[in-house]
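Trainee: I should like to learn how to read the domains, ligand surroundings and helix packing of a model. Could we work through them in turn?

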Amino acid sequence: MTTHTNGPLACRRKGPLRGTIEVPGDKSISHRSLLFGALASGETRVRGLLDAEDVHSTRKAVVALGATVREEGDEIVVVGPEKLREPGDVIDCGNSGTSLRLLTGVLSGIPGLAVLTGDASLRKRPVRRVIDPLRKMGANLSARDGDRLPPVVIRGGPLRGARHVMEVASAQVKSAILLAGLFAEGETSVVEPERSRDHTERMLRGMGVPVRVNGLEVAVSAARPRGTRVDVPGDISSAAFFLCGAAALPGSKVTVRNLGVNETRTGLLDVLRAMGAKVTLEGAREIAGEPRADVTVEAAELRGTEIRGAVIPRLIDELPVVMVMATQARGRTVIRDARELRVKESDRLAAMGETLARAGAKIELYDDGCAIDGPTPLRGVPVQTRLDHRIAMSMAIAQLLTGGDEVVLDDVACVATSFPSFFRLLDQVAAGAAP
Ligand SMILES: O=C(O)C1=C[C@@H](OP(=O)(O)O)[C@@H](O)[C@H](O)C1
Ligand SMILES: C=C(OP(=O)(O)O)C(=O)O
């Protein structure tokens, strides 16, 4: 089977999925290691950095701000200048929301002018969520369409600490505010409605910054991080495609070694267990402040479940492939409180809802989620991937559940934003081409 990285791709594999794999490094941790390394004194050495387009966007951005990033053996070494400088050109964040939103926080504190933009998908994603709180700290930012959408223009300057109460749990917004807080006079704090991923808090602490956590409130004061060693575990959001595929395809058993299992990210494992899949963790350990383990999922008769509330931010990016898996579960799976899916690389509720319905799923969409009744056999369909890697990869897994039909993805270039080796790994664990 061929592996394409651009243009259309016809998927025609068959299950079960069996084997032991490693998935590439965690994308959230990778972005942070480059950005915080660029802010830090001394050097930051990163092992296992994700080599994918979104992380390349952050790398190019920190270089434009005066940092150096070089390869040394199997490590990436980041060295920041004494002070980050005004970039000489517009910074293009490509498809990456994390790059753009985290950079707004840093750039608010760097004297000079900066403009952040991105591809057609990123230019449709909301930025007021970072503009409003950063303005409250004295930052000078504006954006297109009444401050709603990128490009974002930032004139960095003096900042003052503030307390922010967030309406949506978002690690990108929380991180942008905390990063601005590193430049601000006085304390900066963020209160979240639910706990979002805490990689920023962990890495800043590892870099010597006092981060105070009190329930759902996180606070920092002005500080310069110190360079450190980062060891990036495998990305559970990438592993999710294999874990959900394995759970739903009879006879499957997949182990993902060295997988990040930070509890702010493991909502998927809770959902897999609730649906009846067999999930085991072995060799649990913590390296450089981030827990990891070898995670095995075995197929089982799945049953529907409810996915809502505090678990949502703990599996937000995995929900498209959870929707695919839910089509194979007996009974009803309900997803609520997931309105954020509508403002990702695409409107993921609309994209998955419409695509799975055409493939034969029984699915009802809500403003903030969906209900899926199963089990239903799926059939092959043409898929619009909409510049959204997670839609492309989720539908490549859905193809395995068709019993041999073809699923044609109209453009798989987007997969390279987070997981360039996805199709190669899928070939490795799939039983082969459909007859
Ligand atoms: O902080 C991060 O690294 C991320 C936070 C999440 O976004 P939100 O902060 O918008 O929820 C997630 O969907 C994204 O893939 C990565
Ligand atoms: C939402 C995602 O990323 P970002 O917000 O960084 O574009 C994702 O990877 O699913």
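Mentor: The discussion below goes from domains to ligands and then to helix pairs. Please keep in mind that this is a predicted model.

Trainee: Let us begin with the overall division. Into which domains is the protein divided?

Mentor: A domain may be assembled from separate stretches of the chain, and domain 1 is such a case, consisting of 9-25 + 233-433. Domain 2 covers 27-231. The centres of the two domains, taken over C-alpha atoms, are 28 Å apart.

Trainee: How many residues does each domain bring to the contact?

Mentor: Domain 1 contributes 24 residues and domain 2 contributes 31 residues. On the domain 1 side of this contact, 11 residues are nonpolar, 7 are polar and 6 are charged.

Trainee: I now turn to the ligands. Which residues surround ligand 1?

Mentor: One reads a ligand shell by listing its residues and then asking where they come from. Around ligand 1 stand Ser28, Thr98, Ser170, Ala171, Gln172, Val173, Ser175, Arg197, Ile316, Asp317 and Glu340. By class, this shell holds 3 nonpolar, 5 polar and 3 charged residues.

Trainee: Which helix gives the largest share of that shell, and which domains does the shell draw on?

Mentor: Helix α6, residues 171-181, supplies the largest share, with 4 residues. Domain 1 and domain 2 each provide at least three residues of the shell around ligand 1.

Trainee: Which residues are found around ligand 2, and how do they divide by class?

Mentor: The shell around ligand 2 comprises Asp54, Ser96, Gly97, Thr98, Asp317, Lys344, Glu345, Arg390 and Ser418. Of these residues, 4 are polar, 5 are charged and no residue is nonpolar. Thr98 and Asp317 appear in the list for ligand 1 and also in the list for ligand 2.

Trainee: Where does ligand 2 lie with respect to the domains?

Mentor: Both domain 1 and domain 2 give residues to its shell, so ligand 2 lies between them.

Trainee: My next topic is helix packing. At what angle do α2 and α3 cross, and how should that angle be described?

Mentor: One takes the angle between the axes and compares it with a cut-off; angles under 35 degrees count as roughly parallel. The axes of α2 (residues 53-64) and α3 (residues 97-108) come within 8 Å and cross at roughly 30°. The two helices are therefore roughly parallel to each other. Asp54, Ser57, Thr58 and Ala61 of α2 make the contact with Thr98, Ser99 and Leu103 of α3. This contact has 2 nonpolar, 4 polar and 1 charged residues.

Trainee: Is the arrangement of α10 and α11 parallel or antiparallel?

Mentor: Helix α10 (residues 319-326) packs against α11 (residues 348-358) at about 25°, with the axes 10 Å apart. That angle makes α10 roughly parallel to α11. Their crossing is right-handed. The contact involves Leu319, Pro320, Met323 and Val324 of α10, together with Arg348, Met352 and Leu356 of α11. Here 6 residues are nonpolar, no residue is polar and 1 is charged.

Trainee: Finally, how is α1 placed relative to α7: parallel or oblique?

Mentor: The angle between α1 (residues 27-39) and α7 (residues 199-206) is about 40°, and their axes are 10 Å apart. That makes α1 oblique to α7. The crossing is right-handed. Ser28, Ile29, Arg32, Ser33 and Phe36 of α1 meet His199, Thr200, Met203 and Leu204 of α7. The contact divides into 4 nonpolar, 4 polar and 1 charged residues.

Note on methods:
Residues numbered from 1 in each chain as written. Chains lettered and ligands numbered in written order. Predicted model: local features only at pLDDT ≥ 70, side-chain atom pairs only at ≥ 80, totals over all residues. Domains from an automatic or database assignment. Contact = placed C-beta atoms within 7 Å. Nonpolar A, V, L, I, M, F, W, Y, C, P; charged D, E, K, R; others polar. Axes fitted to C-alpha atoms, helices over the stretch in contact; angles between N-to-C directions. Parallel < 35°, antiparallel > 145°, perpendicular 65-115°, else oblique. Left-handed = near helix turned anticlockwise from the far one by under 90°. Near = placed C-beta within 6 Å.
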